[in-house]
Amino acid sequence: MADPAWHPSPRAKLLWAISAALSWVVPLLALLIWAAFDSHRRTVQLIVLGIVLVAAVFSVTVIPMWRYAVHRWEITAEAVYTRTGWLTQESRVAPITRIQTVDTYRGPLERLLGLATVTVTTASSAGAVHISALALDDARRTVEQLTAIAARHRGDAT
């Protein structure tokens, strides 16, 4: 099977970077509070701060670029193809005849950046297929395309 053809929106990198940065707020605040109330362990605090900063910079800069290079999707008349992940990668194929619903999700950051996630629910125990971080217009076209293709197949999706 060839790799799916399409990347998410280039703004996906920014979405993933902001999400990663937000996840580091609590650990950094905890370190600041620790430093404010415990002045006897500065060496340990500086070591922990260095480790946290290196991990935060890596997760905010490298991982979004890596994810963007890996994440792909494609829709054909027969199936929806996705590849996701960065460290652990997953490829999914959802046959059109198995599609039950097609949904669009837009969280606060996605709305801010003009992005959306299309979720394709199938009759599969593996769960739904997610096409993440699409430009809003691309997401709308994808939903319309999937709806039209699925209507032509009229399978029982079970």
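In the predicted model, Arg 83 is buried, with a relative accessible area of 12%. The side chain of Arg 83 meets that of Asp 3 in a salt bridge, with an N to O distance of 3.0 Å. Because Arg 83 belongs to strand S2 and Asp 3 to the segment before H1, the pair ties together parts that are 80 residues apart in sequence. Asp 3 itself is partly exposed, at a relative accessible area of 49%. Within the strands, Arg 83 stands opposite Arg 72, and in S3 its bridge partner is Ser 91.

Strand S2 is part of an open sheet of 3 strands in the order S1-S2-S3, with antiparallel pairing. S1 and strand S3 (89-95) each have a single partner strand and stand at the edges, so one side of each is left without a neighbour in the sheet. Neighbouring strands of this sheet are turned against each other by 10 degrees on average, direction ignored. S1 and strand S2 (residues 79-85) are paired over 4 bridges in the antiparallel sense, and a hairpin of 3 residues joins S1 to S2. Between S2 and S3, which also run antiparallel, there are 7 bridges. Helix H3 (residues 42-70) packs on the sheet and touches S1, S2 and S3; the direction of H3 makes about 155 degrees with that of S2.

Side chains alternate along strand S1 (residues 72-75). Trp 73 and Ile 75 point to one face and are buried, while Arg 72 and Glu 74 point to the other and are not. Helix H5 lies across S1 and S2, at about 40 degrees to S1. In strand S2, Thr 82 counts as buried at 3% relative accessibility. Apart from residues up to four places away in sequence, Thr 82 touches Pro 4, Arg 72 and Trp 73, as well as Glu 90, Ser 91 and Arg 92, and further Val 129, His 130 and Ile 131.

A second group of strands forms an open sheet of 3 strands in the order S4-S5-S6, again with antiparallel pairing. Strand S4 (99-105) and strand S6 (129-135) are the edge strands, each pairing on one side only. From one strand to the next, the twist averages 20 degrees. S4 is paired with strand S5 (residues 115-122) over 6 bridges in the antiparallel sense, and Asp 103 stands opposite Thr 119 in S5. Helix H5 (residues 136-153) packs on this sheet, where it touches S4, S5 and S6, and its direction makes about 140 degrees with that of S6.

Thr 142 lies in helix H5 and counts as buried at 3% relative accessibility. With residues up to four places away in sequence not counted, Thr 142 touches Trp 73, Ile 75, Val 118, Ile 131 and Leu 134. Two other residues of helix H5, Arg 140 and Asp 137, are 3 residues apart, about one turn of the helix. These two residues form a salt bridge in which the closest N and O atoms are 3.8 Å apart. Arg 140 counts as partly exposed at 47% relative accessibility, and Asp 137 is partly exposed with a relative accessible area of 47%.

The count of salt bridges comes to 4. One of these joins the side chains of Arg 41 and Asp 38, with an N to O distance of 2.5 Å. Arg 41 is partly exposed, at a relative accessible area of 47%, whereas Asp 38 is buried at 11%.

Towards the N terminus, Ala 12 lies in helix H1 (residues 12-23) and is buried, with a relative accessible area of 0%. Leaving aside neighbours within four places in sequence, Ala 12 is in contact with Tyr 68, Leu 115 and Ala 133. The C-alpha atoms of Ala 12 and Leu 134 are separated by 7.6 Å, although these residues are 122 residues apart along the chain.

On the surface, Leu 22, Val 25, Leu 29 and Leu 32 form a nonpolar patch with about 380 Å² of accessible area together. Helix H2 (residues 25-37) contributes the largest share of the patch, 3 residues. Leu 32 is found in helix H2; because its relative accessibility is 58%, Leu 32 counts as exposed.

Technical notes
Residues are numbered from 1 along each chain as its sequence is written. This is a predicted model: local features need pLDDT of at least 70, side-chain atom pairs count only at pLDDT 80 or more; totals for chains, interfaces and linings use all residues. Side-chain values use heavy atoms; hydrogens and water are left out. Patches are made of residues with over 30% relative accessible area and no salt bridge: like charges are joined within 9 Å, nonpolar side chains (Val, Leu, Ile, Met, Phe, Trp, Tyr) within 5 Å. Accessible areas come from the Shrake-Rupley method with a 1.4 Å probe; for residues, only the protein chains shown count as cover. Buried means under 20% relative accessible area, exposed over 50%, partly exposed in between (1.4 Å probe, protein chains only). Two strands pair if DSSP finds at least two bridges between them. Axes are lines fitted to C-alpha atoms, for helices over the stretch in contact, and angles run from 0 to 180 degrees between N-to-C directions. Contact means heavy atoms within 4.5 Å.
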